[in-house]
Amino acid sequence: MPAPRPLIPSGLTLLNWFLRGWTGLVFAFLYAPIAVLVVFSFNSSRLNIVWESFTFNWYERLLTNAPLIKAAKNSLIVASISTILSVVLGTAGAWLLHRYRFRFSRAIQTLVAIPMVMPEILLGISLLILFVTAGLKLGFTSVIIGHVTFSFPFVLVAVQARLQGLDPALEEAALDLGASPLKAFWLVIVPCLRPAIIAGGLMAFTLSMDELIVTVFVKSAASATLPVKVFDMARVGLNPMLNALSAIFIIATVAFVLFSEYLKKLSR
């Protein structure tokens, strides 16, 4: 016979139901607006306030909107280049601060972390003043420099956390076996740091794709990214194409998360 279930006091049962209900309300509060946004991306109403009928019109117009497509391409270009630079700078900086001891290393580490906590509007104004003073023309270069400035510290922090648990004997063994310091770093250290490098790179790419405030200060008309274009359209008024664009990003995000979970199950 199956073992009898343990009796749960009625007070704990009531508490469990309350906590479940509260959790459901929190999730509803967080995700109901997103669900409404996706549903209304199929609404034929131009005002997008009252439901009229089902349509794919806004998705069709979105895919033929040249300014939005150009801004999306700009975002992908800027995010890809800034991610590569952030990964290189963040990984090299984390290894330098971990491997070598020198004066002002703590001060340098503090300065590197400042862009992570500095308000974005101050960072944007500071970069704009710097570019104007240095005579650098605003464009893709200035936008990429601005994005790398606040992105690479996240890579550095992630790699540093990984380095704290790295066995120093690995590098020593590689050097004893005849590898040069550069070869030991590339063939031994970098593979051990790969999860942190990938995590930092994904964080840098996401931050760059999502960045608005800093980009507004350092962009030119030709280098406007997708968040800037979306913000300009949203200031004019409600536009159902923005609902369609948001729905595409939401679906893509969910797909990536599900795909990553699938890869995790395969690796077990």
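Before we start, a definition: Ala, Val, Leu, Ile, Met, Phe, Trp, Tyr, Cys and Pro count as nonpolar, Asp, Glu, Lys and Arg as charged, and the others, Gly among them, as polar. Keep in mind that this is a predicted model.

**Exercise 1.** Describe the largest pocket: its volume, its lining and the classes of its residues.

*Solution.*
Step 1. Begin with the space itself: the volume of the largest pocket is about 1200 Å³.
Step 2. Now look at the wall, where 26 residues line this pocket. Nearest its centre lie F205, M209, F249, A252 and T253.
Step 3. Trace the lining back to the helices. Two or more lining residues come from each of α2 (57-63), α3 (66-99), α8 (181-210), α10 (226-236) and α11 (240-267). The most come from α11, which gives 12 residues.
Step 4. Sort the lining by class: 21 residues are nonpolar, 4 are polar and 1 is charged.

**Exercise 2.** Do the same for the second largest pocket: find its volume, its lining residues and their classes.

*Solution.*
Step 1. The second largest pocket has a volume of about 190 Å³.
Step 2. Find its lining in the structure: L97, H98, Y100, R101, F102, S105, R106, Q109, Q160 and Q164.
Step 3. Assign the residues to elements. Here α3, α4 (105-117) and α6 (140-164) each give two or more, and α4 has the largest share, with 3 residues.
Step 4. Apply the classes once again: this lining holds 3 nonpolar, 5 polar and 2 charged residues. The charged pair is R101 and R106, while L97, Y100 and F102 are the nonpolar ones.

How values were computed:
Residues numbered from 1 in each chain as written. Predicted model: local features only at pLDDT ≥ 70, side-chain atom pairs only at ≥ 80, totals over all residues. Heavy atoms only, no water. 1 Å grid on protein atoms, 1.4 Å probe; cavity = no way out; pocket = protein on both sides within 12 Å on 5 of 7 lines; lining within 4 Å. Points joined across faces, edges and corners; volume = space filled by probe spheres on them. Helix = DSSP H or I, 4+ residues; strand = E, 2+ residues; numbered from the N terminus.
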